[in-house]
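Colleague: I would like to learn how to read a few features of this model. Please take me through them one by one.

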Amino acid sequence: MRIHFIGIGGIGLSALAKFLAGKGHTISGSDMRQSEITDDLALNYGAKVTIPHHPDAVEGADRVIYSAAVRPTNVEYQRARELGIELLSRKEALRFILGDQEVYAVGGAHGKSTTSAMLAALLPETNALIGAISKEFGSNVRSAPNNTVVFEADESDESFLNSNPKLAIVTNVEPEHMEYYDYDEERFYAAYRKFLELARIRVVNAEDPWLSELDLEAVRLYPSRDLRKIEFVLVDDEPHTRFELKDLGPFEVFGFGEHIALDAALAILAATELGREADELRENLRSYRGIKKRFDIIQNDERCVVIDDYGHHPTEIRATIGALKQFQRMRGLPKLKVIWQPHKYTRTLDNLRGFVECFEGVDELVILPIWSAGEIEIPIDLKGAFSRYEPIMAERVTREGGVVKILDARGETIREFREGLITAFGAGDITYQIRGTA
């Protein structure tokens, strides 16, 4: 069967394409621009990738799967309808992709990519479908000759309800993507409950306010009492967290922060529910090397460290800032400098107070224009809202020769960062800017 993906360059849709290629399907796809992801699909998965979208690209396909960003006006969508080809959204496609798999699903507002990658490390023989690039296997997908799969489950459009979970982990629950849920919190929380009810094995963070009230049978992690002797150490100048978990003994995992220990603990408890022994898990966890764009060290010099981080919600950023300060102290770096590209007008406006508070303690703050992600512009006075930080308002950044350059709208350099701990936050194209490739 040939399956065509409209929007194949996205992290979520590309994962499904690679997974199906690993199961023997022929894949093709299209996107607006060429990227590392589309190149990988063409070179390593035999995909014919069309840039940009073109109606001829769907001809010969047996099924077309499209991303949430694709509208019915898309030329390939329209051509597929004309030809009578079955059209499925990513959400709808999960039913046939995961329907006959034994799925270990990871959901939650924050930390689900990290927890998914950790669980994949603990269960090295499984397939994996993750919403980020795991550095352990250099991809968002790992293929294996069986029907078990670690799956990062997405609540943004209720697609996690189509994931057929045997096991479900929930890291935390916090209202997000509320525009999808018509700003109805009851509907939002009901979706999470339904997701957990689908699973036969449930593992939850029992100190999350909503999960603490959950009246379903579940394995519950109480971080304040179940996680002991948490300490942060440098291994070859890279961050690691050590901790003891319940009566399972000590563990060590890549990354800094109590949230890293929490995510690892949830993954470990899930793996024990699948029959794994603590000693095996202790060893397997060492293969976890972090994920791309999460505390992702892209330059590691003695006096200048540059980190790319996907954090785009105040809770995520606040937790990472705490880890950054610890890392800064241990490395003896002079200042913590943060570059933030807000993601979506609605998210920025809905969480403005949280964003203002989450950067507390940074030495310098650079704010870039809001990455719209297709939304209509909403005027927001970011300079005024963040005045306590005396922010540098810039158009974009780049990195050349180990120097991070802050640029204005004319492309002129208005500041250079040559030392300190420099961290870029955002889910837009800032990841390419800070790497000097945009």
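**Strands, a helix and a pocket**

Modeller: Val366 has Ile392 in E20 as its bridge partner. The model is predicted: local features need pLDDT of at least 70, side-chain atom pairs count only at pLDDT 80 or more, and totals for chains, interfaces and linings use all residues. Numbering runs from 1 along each chain as its sequence is written, and side-chain values use heavy atoms, without hydrogens and water.

Colleague: In which sense do E19 and E20 pair?

Modeller: Strands of a sheet pair through backbone hydrogen bonds, either parallel or antiparallel. Here E19 (residues 364–367) and E20 pair in the parallel sense, over two bridges. Pairing requires at least two DSSP bridges; strands are DSSP E runs of at least two residues, helices H or I runs of at least four, numbered from the N terminus.

Colleague: What is the strand order in the open sheet of six strands?

Modeller: The order is E16-E17-E24-E18-E19-E20, with mixed pairing. E16 (296–300) and E20 (392–393) are the edges; each has a single partner strand, so one side of each lacks a neighbour in the sheet.

Colleague: How many residues of H8 are buried?

Modeller: Twelve of its 16 residues are buried (under 20% relative accessible area, 1.4 Å probe, protein chains only). Among them are Ile260, Leu262, Asp263 and Leu269.

Colleague: What span should helix H8 have?

Modeller: The rule is 1.5 Å times one less than the number of residues. For H8 (residues 258–273) that gives 22 Å; the end C-alpha atoms are 23 Å apart, which agrees. Just after H8, Gly275 takes a positive phi of about 95°.

Key: Buried means under 20% relative accessible area, exposed over 50%, partly exposed in between (1.4 Å probe, protein chains only).
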